[in-house]
Amino acid sequence: MTLSPIPAVAVRGVTHRYAGADGRTLLALDGVDLEVGAGEFVSVVGPSGCGKSTLLRLVAGLLPSQGGEVSVLGGTPGEAQRAHALGLVAQEPGLLPWRDVEANVRLPLDVVRAGDPERVRALLDQVGIAEFARYRPATLSGGMRQRVALARALVHRPRLLLMDEPFGALDELSREAMRLELLWIWEHERIAVLFVTHAVAEAVLLSDRVVVMSGRPGRVRAVIDVPLPRPRSEAQESTPAFAATAAAVRAALRSGDAGAA
Ligand code: ADP
Ligand code: MG
């Protein structure tokens, strides 16, 4: 038997409840299993409210685990976080308004007191914001701000990037541009990515595998392999393999709605 590398994420039988305002509890996740291999790109798609952000927050160590197992890079989410092995990009870029672009990207390095100005510069170039290094976030477009958030998440060379609908608030053109930049970065950094989206075509274009969740309580309905060659490009969106994979994802999304209008 060959030794397999440690998966970036291993989630087994994870259940999560929130306390409701009326004293009752709300079951957000019910027995979820999910794995992201080292260097793999995995997307999670599912309807709004199915627990995607909850799942991502559990993996990021931002929510305490209540039931089941969450292993990140072979340890606990907290250990991965303390080892600076995680990068997180949320839907809102969450930049510090008084810091310029470069200082926002450098923030994690300032916090852990380990600087790599070369890395900051290279990332500003890579995500196409080098010429805006001295701008404050308020003067940038939404797409530019999300590029800053992406560069900041990558600055400490994480081994796992967690992205929660990172392009959800962007217009369609910025969104397409960001997808291609993310693909390019992933090809070069070779890190594992767990990407949450409700856009099926986006999940298929980016991913090695697409995890399809049911409506609340979130359960995994299907895990669909994406058989498209790498490197990916927009041109693949018009291939039969792309259409067939997207159709399989959509069918899995609908599969629990039998009888519904
Ligand atoms: P998604 O990201 O798929 O839209 P979430 O993980 O944000 O879903 O939420 C899953 C369910 O849990 C939703 O019904 C949501 O209202 C509920 N929920 C999320 N966060 C909390 C919270 N802090 N307290 C109570 N309920 C919550
Ligand atoms: Mg969410």
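Buried, as used throughout this tour, means under 20% relative accessible area, while exposed means over 50% and partly exposed lies in between, all with a 1.4 Å probe and protein chains only. Helices (H or I, at least four residues) and strands (E, at least two) are DSSP runs, numbered from the N terminus. This is a predicted model, in which local features need pLDDT of at least 70 and side-chain atom pairs count only at pLDDT 80 or more, whereas totals for chains, interfaces and linings use all residues. Residues are numbered from 1 along each chain as its sequence is written, chains are lettered from A and ligands numbered from 1 in the order in which they are written, and side-chain values use heavy atoms, with hydrogens and water left out.

**Helix 1 and ligand 1**

Select helix 1 first: seven of its nine residues are buried, so the helix is mostly covered. Those buried residues are Lys52, Thr54, Leu55, Leu56, Leu58, Val59 and Ala60. Just after helix 1 comes Gly61, with a positive phi near 80 degrees.

Next, show ligand 1 and the 13 residues around it (each with a heavy atom within 4 Å), of which Gly49, Gly51, Lys52, Ser53 and Thr54 come nearest. Helix 1 (52-60) and strand 2 (25-36) each supply at least two residues of this shell, and the largest share, four residues, comes from helix 1. Now display the polar contacts, which are pairs of N or O atoms within 3.5 Å; within protein, one atom must be able to donate a hydrogen and the other to accept it, and residues adjacent in sequence count only if both atoms are side-chain atoms. A polar side-chain atom of Thr54 is 2.5 Å from an oxygen atom of ligand 1, a polar backbone atom of Gly49 lies 2.7 Å from a ligand oxygen, and an N or O atom in the side chain of Arg216 is 3.2 Å from an oxygen of the ligand. Of the 560 Å² of accessible area that ligand 1 has on its own, the protein covers 64%, with areas taken from the Shrake-Rupley method with a 1.4 Å probe; for residues, only the protein chains shown count as cover.

**The two domains and the cores**

Colour the chain by domain 1 (9-85 + 158-254) and domain 2 (95-157), bounds that come from an automatic or database domain assignment. Their C-alpha centres lie 24 Å apart, and the contact (heavy atoms within 4.5 Å) takes 15 residues from domain 1 and 13 residues from domain 2.

Then select the largest nonpolar core, a core being a set of buried Ala, Val, Leu, Ile, Met, Phe, Trp, Tyr and Cys residues joined through side-chain atoms within 4.5 Å. Among its 50 residues, Leu150, Leu161, Met163 and Leu182 touch the most other members. Helix 5 (residues 142-154) contributes the most to this core, with seven residues, and each of the two domains provides at least three. A second, separate core has 30 residues, including Val9, Leu56, Ala60 and Ala80.

**Two buried residues to finish**

Go to Gln146 in helix 5, which is buried, with a relative accessible area of 2%. Beyond its neighbours within four places in sequence, Gln146 is in contact with residues including Val89, Ala90, Pro166 and Met178.

Finally, select Ala8, in the segment before strand 1 (9-19), where the relative accessible area is 0%. The C-alpha atoms of Ala8 and Arg159 are separated by 7.7 Å, although their positions lie 151 residues apart along the chain.
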